[in-house]
Amino acid sequence: MTALDWLLLVGTLVSVAMLIAAHFQHREIVDAQARIMRAQEVRLVEGVAARTAAEQERDAASAAHAEVLAANQQLTEDLATARAVTATEVLTPEQRATLLANACAHCGGVHARACPRVKRLQFGADGRQVIEVEFWRDGRWDETRVKWIEDLSLDAPASEAAAE
Ligand SMILES: [Zn+2]
């Protein structure tokens with residue numbers, strides 16, 4: 001082989017080597033891109049899952065909120081019943097049960113506004129839970145503002161009289 005042939009052969013080999021190197025480099029880039037796409041897919045799936053969890057949390061919160069609203073509504077209705085009943089002084093057994101269920105925790109009676117037996121209420125850190133109650137001494141508070149459930153007549157006094 002002449003020197004030129006050698007030169008051509010070496011040149012060809014170098015070209016082939018460069019092509020092979022370029023091929024591997026290209027494959028590396030393609031693999032890297034595939035890894036990035038897989039990572040993006042994982043992040044997308046995680047994002048969807050996180051969003052679904054957040055939506056479920058929000059739904060649970062709004063369900064809890066609706067429950068509290070319903071409870072408040074019920075309480076308002078019970079109090080309205082209590083007020084109407086204390087005005088008439090004649091109870092159906094259902095009204096009496098409602099009154100007993102909503103009787104004041106401090107005096108045991110029924111009244112429209114704040115309990116007249118209570119001198120001072122101390123609330124906890126949440127501002128709602130009562131942690132201490134100070135009462136007026138007996139005989140020193142306005143009992144006329146309280147209706148005693150046992151003093152209210154039932155619609156059916158006969159059965160009540162029989163029970164007593
Ligand atoms: Zn009371």
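Arginine 120 stands opposite glutamate 134 in strand S3. The model is predicted, and this pair is a good place to enter it. The two strands involved are S2, residues 118–123, and S3, residues 130–135. They run antiparallel and are joined by 5 bridges. A second pairing can be followed by name: phenylalanine 123 has valine 130 as its bridge partner in S3.

Between the strands of this hairpin lie 6 residues. Glycine 127 belongs to the hairpin and takes a positive phi, near 75 degrees.

How well covered are the two strands? S3 is hardly covered: the count of buried residues among its 6 residues is 0. For S2 the number buried is also 0 of 6, so S2 lies largely in the open.

Valine 130 shows this at the level of one residue. Valine 130 lies in strand S3. Is valine 130 buried or exposed? A residue with 12 or fewer C-beta neighbours within 10 Å is classed as exposed. Valine 130 has 12 inside that radius, so it counts as exposed. Leaving aside residues up to four places away in sequence, valine 130 touches Leu121 and Phe123. Phe123 is thus met twice, as a contact of valine 130 and as its bridge partner. Threonine 52 is another matter. Valine 130 and threonine 52 are 78 residues apart in sequence, and their C-alpha atoms are 39 Å apart in space.

Now step back to the whole chain. It holds 3 helices and 4 strands. Read along the sequence, their pattern is α-β-α-β-β-β-α.

What are the overall dimensions? Along the principal axes, the C-alpha atoms fill a box of roughly 135 × 35 × 25 Å. The radius of gyration is 41 Å, whereas a compact globule of 164 residues would have one near 15 Å.

Burial can be read for the chain as well. Of its 164 residues, 7% count as buried. The hairpin strands contribute none to that share: the buried count is 0 in S2 and 0 in S3.

Contacts add a last view. Take those between residues at least 6 apart in sequence: 49% of them join residues at least 24 apart.

Notes:
Residues numbered from 1 in each chain as written. Predicted model: local features only at pLDDT ≥ 70, side-chain atom pairs only at ≥ 80, totals over all residues. Buried ≥ 20, exposed ≤ 12 C-beta atoms within 10 Å, placed from the backbone. Pairing = 2+ DSSP bridges. Rg over C-alpha atoms; globule rule 2.2 N^0.38 Å. Contact = placed C-beta atoms within 7 Å.
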